[in-house]
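Please look over the structure below before reading on. The report then takes up charged pairs, a metal site, a strand and a few single residues in turn.

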Amino acid sequence: MSLMIGKNAVVSIHYTLKNDDGQVMDSSEGRDPLSYLHGANNLIPGLEKELEGKSAGQNFTASIDPAEAYGESNPELVQKISKEMFQGVEQIEPGMAFTAQGPQGQQQVVVTAVEGDEVTVDANHPMAGKTLHFDVEVVDVRDATDEELEHGHVHG
Ligand code: ZN
């Protein structure tokens, strides 16, 4: 008897996430499997859909479009700001990440370009606009406890 993945299941998976170029972006390899409460928006929607109905021991691959992952990249979240905004930072270079105060509270921004006194920052999620390619192994499926359901997340 093995449980199928559905709402209120606690699921443990091993996964490797690659981008379109086949580059590994993230992986649970060498770590504990990722455990999550299914149906509680703890995973990107596209991956939850792929996991639905699977059971422990199953392996699969899935390619998830941006709309079902971290969304499309929003050009309004890309801004040019003055270097003076980065007080205390000696050298500003593309790829650097900063925490900035935005309208929705603190947000992570990444420097994408530096031209003279002008710095371009991108507040989109780093995976926004990207198709995600997953290799997944379902390690374990169990029923959530009442407390886990109440909290909306898995307890360790
Ligand atoms: Zn809790």
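A salt bridge is here a side-chain nitrogen of Lys or Arg within 4 Å of a carboxyl oxygen of Asp or Glu. The model is a predicted one, and by this rule it holds 4 salt bridges. One of them joins the side chains of Arg142 and Glu148, with 2.9 Å from N to O, and so the pair falls within the 4 Å limit. Its two partners differ in their surroundings, since Arg142 is partly exposed at 30% relative accessibility, whereas Glu148 is buried at 2%. Side chains of opposite charge can pair when their charged atoms come close.

The table lists three of the salt bridges, including the pair just described, with the distance from N to O and the relative accessibility of each partner.

| Salt bridge | Distance (N to O) | Accessibility of the partners |
|---|---|---|
| Lys18 and Asp135 | 3.5 Å | Lys18 29%, Asp135 30% |
| Asp26 and Arg31 | 3.9 Å | Asp26 28%, Arg31 46% |
| Arg142 and Glu148 | 2.9 Å | Arg142 30%, Glu148 2% |

The side chains of Lys18 and Asp135 meet in a salt bridge, and this pair links distant parts of the chain, with Lys18 in strand S1 and Asp135 in strand S9, 117 residues apart.

Which charged residue is buried yet has no salt bridge? It is Glu48, for which the nearest side chain of opposite charge, that of Lys7, is 7.8 Å away, and because a salt bridge requires the nitrogen to lie within 4 Å of the carboxyl oxygen, this pair does not qualify. Glu48 sits in helix H1, which covers residues 45-51. Leaving aside residues up to four places away in sequence, Glu48 touches Tyr36, Leu37, His38, Gly39, Ala40, Asn41, Asn42 and Leu43.

Asn41, one of these contacts of Glu48, lies in the loop between strand S3 (34-37) and H1. Asn41 is exposed, with a relative accessible area of 71%, and has a positive phi of about 60° although it is not a glycine. Most residues other than glycine have a negative phi. Asn8 also departs from that pattern, with a positive phi of about 75°; this residue belongs to the segment before strand S1 (9-18) and is partly exposed, with a relative accessible area of 33%.

Strand S4, made up of residues 59-64, has side chains that alternate between two faces: Phe60, Ala62 and Ile64 point to one face and are buried, while Asn59, Thr61 and Ser63 point to the other and are not buried. S4 pairs in the antiparallel sense with strand S9 (residues 132-143) over 6 bridges, and within this pairing the bridge partner of Phe60 is Val136 in S9.

How is the zinc ion coordinated? Its donors are His151 through ND1, His153 through NE2 and His155 through NE2, at 1.9 to 2.1 Å, and in sequence these donor residues are spaced H-x1-H-x1-H. His151 is partly exposed, with a relative accessible area of 41%, and His155 is likewise partly exposed, at 26%.

On the scale of the whole protein chain, the domain assignment gives domain 1, formed by residues 9-70 + 128-151, and domain 2, formed by residues 75-122. The centres of domain 1 and domain 2, taken over C-alpha atoms, are separated by 31 Å.

Definitions and conventions
Residues numbered from 1 in each chain as written. Predicted model: local features only at pLDDT ≥ 70, side-chain atom pairs only at ≥ 80, totals over all residues. Heavy atoms only, no water. Domains from an automatic or database assignment. Donors = N, O, S within 2.8 Å, 3.2 Å for Na, K, Ca; no water. Buried < 20%, exposed > 50% of the residue type's maximum accessible area, 1.4 Å probe, protein only. Helix = DSSP H or I, 4+ residues; strand = E, 2+ residues; numbered from the N terminus. Lys, Arg positive; Asp, Glu negative; His and termini not counted. Contact = heavy atoms within 4.5 Å. Pairing = 2+ DSSP bridges.
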